Amino acid sequence: MLIDKHLEHGIVVLKPEDRLDIIGYLDLEETLADLVLHGLVRVVIDLSLVTFVSSTSLAVILRFTRETEMAGGRLVVASVCDAFRRILAASGVDAAAIPCFDDCELAVDALKNHRRTDSRNAASV
């Protein structure tokens with residue numbers, strides 16, 4: 001799965017394409033783990049190009065929402081697609097557990113004022 005990754009105002013924006021399925025979730029998980037490992041914990045996942053989200057992918061997003069918060073950051077989802085809404089509703093996960101924004105610009109703006117609370121240095125993407 002292709003996941004575009006770039007920095008905007010010190011915030012990592014991930015833009016996966018197509019399906020977050022049994023293969024796609026592994027790429028997303030690996031990418032998020034690498035970001036957290038390197039102290040990049042202000043993250044937007046832009047779902048504007050995603051057509052399918054598996055329950056396993058939702059679990060990965062939930063896990064890294066918690067991990068980034070524990071590291072003093074925040075993970076949010078932008079451009080929430082119908083597939084994400086469906087799996088969120090079907091799973092019974094509280095919608096407040098994953099901060100969601102209508103578009104990537106709003107998500108980045110929300111994270112601009114969120115500063116890390118720990119002392120680790122962030123590496124580049």
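Helices (H or I, at least four residues) and strands (E, at least two) are DSSP runs, numbered from the N terminus. The views below come from a predicted model, where local features need pLDDT of at least 70, side-chain atom pairs count only at pLDDT 80 or more, and totals for chains, interfaces and linings use all residues. Residues are numbered from 1 along each chain as its sequence is written, and side-chain values use heavy atoms, with hydrogens and water left out.

**View 1. Aspartate 18 in strand 3.** Let's start with a backbone detail: aspartate 18 has a positive phi of about 75° although it is not a glycine. Most residues other than glycine have a negative phi. At 44% relative accessibility, aspartate 18 counts as partly exposed (buried means under 20% relative accessible area, exposed over 50%, partly exposed in between; 1.4 Å probe, protein chains only).

**View 2. Serine 79 in the loop between strand 6 and helix 3 (82-91).** Here is another non-glycine residue with a positive phi, of about 50°. Serine 79 has 14% relative accessibility and so counts as buried.

**View 3. The buried side of helix 1 (residues 24-37).** Gly24, Tyr25, Leu28, Thr31, Leu32, Leu35 and Val36 are the buried residues of helix 1. They sit on the same side of the helix because they cover an arc of only 130° around the axis (taken from the directions from the helix axis to the C-beta atoms). The face turned away from that side carries the exposed residues Glu30 and Leu37. Among the elements covering the buried residues are strand 1 (3-8), strand 4 (42-46) and helix 2 (55-70) (contact means heavy atoms within 4.5 Å). Just after helix 1, glycine 39 takes a positive phi of about 80°.

**View 4. Helix 1 against helix 2.** The two helices pack at an angle of about 5°, with their axes 9 Å apart (axes are lines fitted to C-alpha atoms over the stretch in contact, and angles run from 0 to 180 degrees between N-to-C directions). They are therefore roughly parallel to each other (angles under 35 degrees). Tyr25, Leu28, Glu29, Leu32, Ala33 and Val36 of helix 1 meet residues of helix 2 including Val60, Ile61 and Phe64.

**View 5. Leucine 58 in helix 2.** With a relative accessible area of 2%, leucine 58 is buried. Not counting residues up to four places away in sequence, leucine 58 touches Val53, Phe84, Ile87, Leu88, Ser91, Val93 and Ile98. For a distance check, leucine 58 and leucine 20 are 38 residues apart in sequence and 8.9 Å apart in space, C-alpha to C-alpha.

How values were computed:
Expected span 1.5 Å × (residues − 1). Parallel < 35°, antiparallel > 145°, perpendicular 65-115°, else oblique.
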